[in-house]
Amino acid sequence: VGLIASVNRHESPELAEQVAWLAADKISQGLVGLDLAGNEAEFKSEPFHGIFKEAKQAGLRITIHAGEWGPAENVRDAIENLGAERIGHGVRVVEDEDVVALARERGTVFEVCVTSNFQSGVVRTLEEHPLPRMLESGLKVTVNTDDPSVSRITLSHEYRMLYEKLEVPMDALKRSVLLAVQSAFLNDDEKSKLAVSLKKELKL
């Protein structure tokens, strides 16, 4: 297990800086990344740009919540100014083809949480969720639960729902599983071993 420290846009940059340096000090003990979450609709990321740049230089991997309650431009900001390798949610990226192209070019991975997006009101119905469109656009998409204790779901439930309700092909779901391995904040040896195991399970 690798842990990711998370800071919030609606809290002070001073607090975020403290968390970032505590996280950097614990890299050798399994703390692998830094995340920016919180209210993206009302709070910009600019006060945190320098903190995340320094965190990345210190060896922390970066994932950013963006493009959920805020516009596609927040995804661009996360990639260009915060150094995001992965984007939490990011479903509104499809509203801007230029941002889609940027994410595709950079190989940015989207941590998509379909049931959570429906329950929170980000999408009106499960059938309208943009995950299939994201895949069709050539974006790298992984399937996630967000908060299974709140949503009362499992990861297996999400895969089944995507197959049955959104008609995502089985081979696309299998590729998503392997993409999750490739984009994990693990070292190459750990990812390689995990990929071998999963390919055997998935009959790939």
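This passage describes the strands of the sheet, a helix that lies across two of them, and the cavities found inside a predicted model.

In the predicted model, six strands come together in an open sheet, and their order across the sheet is β1-β2-β3-β4-β5-β6, with parallel pairing. The edges of this sheet are occupied by β1, which covers residues 3-8, and by β6, which covers residues 140-143; each of these two strands has a single partner strand, so one side of each is left without a neighbour in the sheet. From one strand to the next, the twist averages 25°.

The pairing can be followed in more detail at β4 and β5. Strand β4, made up of residues 86-89, runs parallel to strand β5, made up of residues 109-112, and the two are joined by three bridges. Within this pair of strands, I87 has F110 in β5 as its bridge partner.

A helix is also placed against the sheet, on the side of the order that begins with β1. Helix α1, formed by residues 13-25, lies across both β1 and β2, the latter spanning residues 31-37, and the direction of α1 is at about 170° to that of β1.

When the whole structure is searched for enclosed space, two cavities of 30 Å³ or more are found. The largest cavity holds about 40 Å³ of space, and its lining consists of L131, L135, V141, V143, L162, V168, A172, L173 and S176. At least two residues of this lining come from each of three elements, namely α6 (131-136), the edge strand β6 and α9 (170-182), and among the contributors to the largest cavity it is α9 that gives the most, with three residues. Sorted by class, the residues that line the largest cavity comprise eight that are nonpolar and one that is polar, while none is charged.

The second largest cavity, for which the volume is about 30 Å³, is lined by E17, A20, W21, I51, E54 and A55. Here the helix α1, already described as lying across β1 and β2, appears again, since α1 and α2 (49-57) each supply at least two residues of the lining of the second largest cavity. By class, this second lining is made up of four nonpolar residues and two charged residues, with no polar residue present. The linings of the two cavities can thus be set side by side: that of the largest cavity has no charged residues, whereas that of the second largest cavity has two.

Note on methods: Residues numbered from 1 in each chain as written. Predicted model: local features only at pLDDT ≥ 70, side-chain atom pairs only at ≥ 80, totals over all residues. Heavy atoms only, no water. Pairing = 2+ DSSP bridges. Helix = DSSP H or I, 4+ residues; strand = E, 2+ residues; numbered from the N terminus. Axes fitted to C-alpha atoms, helices over the stretch in contact; angles between N-to-C directions. Contact = heavy atoms within 4.5 Å. 1 Å grid on protein atoms, 1.4 Å probe; cavity = no way out; pocket = protein on both sides within 12 Å on 5 of 7 lines; lining within 4 Å. Points joined across faces, edges and corners; volume = space filled by probe spheres on them. Nonpolar A, V, L, I, M, F, W, Y, C, P; charged D, E, K, R; others polar.
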